[in-house]
Each structure stands twice: as structure tokens, then as C-alpha cells.
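I open a new page in the notebook for this chain. I want its layout, its strand pairing, its charged pairs and its pockets written down.

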Amino acid sequence: MEEKLRVGVIASTHGVRGEVKVFPTTDSAKRFGKMKKVIMDTGKEEMELEIESVKYFKQFAILKFKGIDNINDIEKYKGKELWVMRENAQKLGRNEYFIADLIGLKVVEDSGKALGILKDVMETGANDVYVVEMEDKKELLIPAIKQCILRVDVEAGEMEVHLLEGLL
């Protein structure tokens, strides 16, 4: 399992006082309101940043980091990813998983037939869709609904699914 989880990407600066517009890579930008610190990966180093304030604009979170008070201090970090340590991440409910933990799971049908490896999760709004790469390199799209996803065992690295008519 991943130790760090990506929560956003700095999209652009916002104003001249060192604020940034962050595109969230979590299911809700509102989660930034509960965070105290994030880790920014600059490509050369990781910097721990303390969140001073959070505002929201459309799908973005606008963050102000403590000690960064000028646009010139933050502008060079456009496009950089923001992460949190797993222990500081949002607590998950029952049958909720971090996408990072799902990627790479072996997907098997309820009949026991191996289908492939989960390689991506598409967030569609209504429900997520799991993208499974089959052995023939074709993609199988499985809706993340309780009728299809029977069991997820992150520790064992396996997901058991039931394919509704027309999915295969």
C-alpha cells in the first residue's frame, strides 16, 4: 500500500498574496478544509506545507500556505502535486477505498475466472467505473456498484466481481 496519497495538483496562482488554485484529486475539494498540512513534491525534494486558509471556487480549492505570502514565492510550483501521509488522510467509510489501493488488484469473476488487472478508476459522478486490462490487452469497464463488486480484498490484492449481462 502507498504511504502517501495524492490529494491535488497546483493549477495556478490566485491573487498576489501567495494563494494557489488546487485541482483536487480526491472525491471532494471540501476535504482540504479538514487538512492541516500537505506535502508538495517539487521533483527534487518534498516540502511539508502548513495550510493557513482554504476557500473554494468552482471545483477548485484555493489554499494559502503559512510563510508563503507573495505570488513570486509560489508561482514556480505550478503543476506540482500535493500529497498527505496515509495516517493523515480522510478516514474511509465501509466499502470505501483509496484509488491508489485499488490500482493493480487482480480482478476475478464470481465463477473463479481471472479477468485481468484493475488499471484505472474513472469517476463519472453517478458511480465510479473500474477499468480492467484483460490478458488480450482489451479493456473491460465495470461499474462500481454493489451488484457488480462482490468483494474487495486490498491485503490479498484481489477483487471479486459479478459481470452483468452485456459487460463482457
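The entries below go from the overall layout to single residues.

**Entry 1: layout**

I note before anything else that the model is a predicted one. I looked up the extent of the C-alpha trace and found spans of about 60 × 30 × 30 Å along its principal axes. The protein has 168 residues, and 36% of them count as buried. I listed the secondary structure as two helices and 12 strands. I then read the order along the sequence, which is β-β-β-β-β-α-β-α-β-β-β-β-β-β.

**Entry 2: the six-stranded sheet**

I asked myself in what order the strands of the open sheet stand. The order is 10-9-8-7-12-11, six strands with mixed pairing. Strand 10 (139–143) and strand 11 are at the edges with a single partner strand each, so each has one side without a neighbour in the sheet. I also took down the twist: neighbouring strands are turned by 35° against each other on average, direction ignored.

I followed one edge further. Strand 11 (149–153) runs antiparallel to strand 12 (residues 158–161), and four bridges join the two. Within this pair, I find Val152 bridged to Met159 of strand 12.

**Entry 3: strand 1 and its partners**

I went to the N-terminal part next. Strand 1 (4–14) pairs with strand 2 (residues 19–24) in the antiparallel sense, over six bridges. Thr13 is opposite Val20 of strand 2. The hairpin of these strands has four residues between them, and there Gly15 takes a positive phi near 75°.

Strand 1 also pairs with strand 6, again antiparallel, over five bridges. For a register mark I wrote down Leu5, whose bridge partner in strand 6 is Val84.

**Entry 4: salt bridges**

I count 12 salt bridges in the structure. I looked at several in turn.

I began with Asp101 and Arg86, whose closest N and O atoms are 2.6 Å apart in a salt bridge. Asp101 belongs to helix 2 (residues 99–102) and Arg86 to the loop between strand 6 and helix 2, so the pair ties together parts 15 residues apart in sequence. Is Asp101 buried or exposed? Its relative accessibility is 10%, and because the limit for buried is under 20%, Asp101 counts as buried.

Next I took Lys119 and Glu133, which form a salt bridge at 3.7 Å, N to O. Lys119 lies in strand 8 (residues 114–123) and Glu133 in strand 9 (residues 128–133), so this pair ties together parts that are 14 residues apart in sequence. Lys119 is partly exposed, at a relative accessible area of 38%. Glu133 is partly exposed as well, at 26% relative accessibility. I then asked which residues are linked with them in a network of salt bridges. The network consists of Lys119, Glu133, Lys137 and Glu139.

The last pair I looked up was Arg151 with Glu160, joined by a salt bridge of 3.3 Å, N to O. Arg151 has a relative accessible area of 32% and is partly exposed.

**Entry 5: the largest pocket**

I noted about 1200 Å³ of space in the largest pocket. Its lining has 43 residues, and those nearest its centre are Arg31, Leu92, Tyr97, Phe98 and Ile99. I sorted the lining by residue class and got 20 nonpolar, eight polar and 15 charged. Which elements each supply at least two residues of this lining? They are strand 1, strand 6, helix 2, strand 8, strand 9 and strand 11.

**Entry 6: Lys76**

I closed with a single loop residue. Lys76 lies between helix 1 (71–74) and strand 6 (81–85). Its relative accessible area is 58%, and because exposed means over 50%, Lys76 is exposed. I also checked its separation from Asp41, which is 35 residues away along the chain. The C-alpha atoms of Lys76 and Asp41 are separated by 12 Å.

Methods
Residues are numbered from 1 along each chain as its sequence is written. This is a predicted model: local features need pLDDT of at least 70, side-chain atom pairs count only at pLDDT 80 or more; totals for chains, interfaces and linings use all residues. Side-chain values use heavy atoms; hydrogens and water are left out. Buried means under 20% relative accessible area, exposed over 50%, partly exposed in between (1.4 Å probe, protein chains only). A salt bridge is a side-chain nitrogen of Lys or Arg within 4 Å of a carboxyl oxygen of Asp or Glu. On a 1 Å grid over the protein atoms alone, a cavity is a set of points where a 1.4 Å probe fits but cannot get out, and a pocket is an open set with protein on both sides within 12 Å along at least five of seven lines; lining residues have an atom within 4 Å of a point. Grid points are joined across faces, edges and corners, and a volume is the space filled by probe spheres set on the points. Ala, Val, Leu, Ile, Met, Phe, Trp, Tyr, Cys and Pro count as nonpolar, Asp, Glu, Lys and Arg as charged, and the others, Gly among them, as polar. Two strands pair if DSSP finds at least two bridges between them. Axes are lines fitted to C-alpha atoms, for helices over the stretch in contact, and angles run from 0 to 180 degrees between N-to-C directions.
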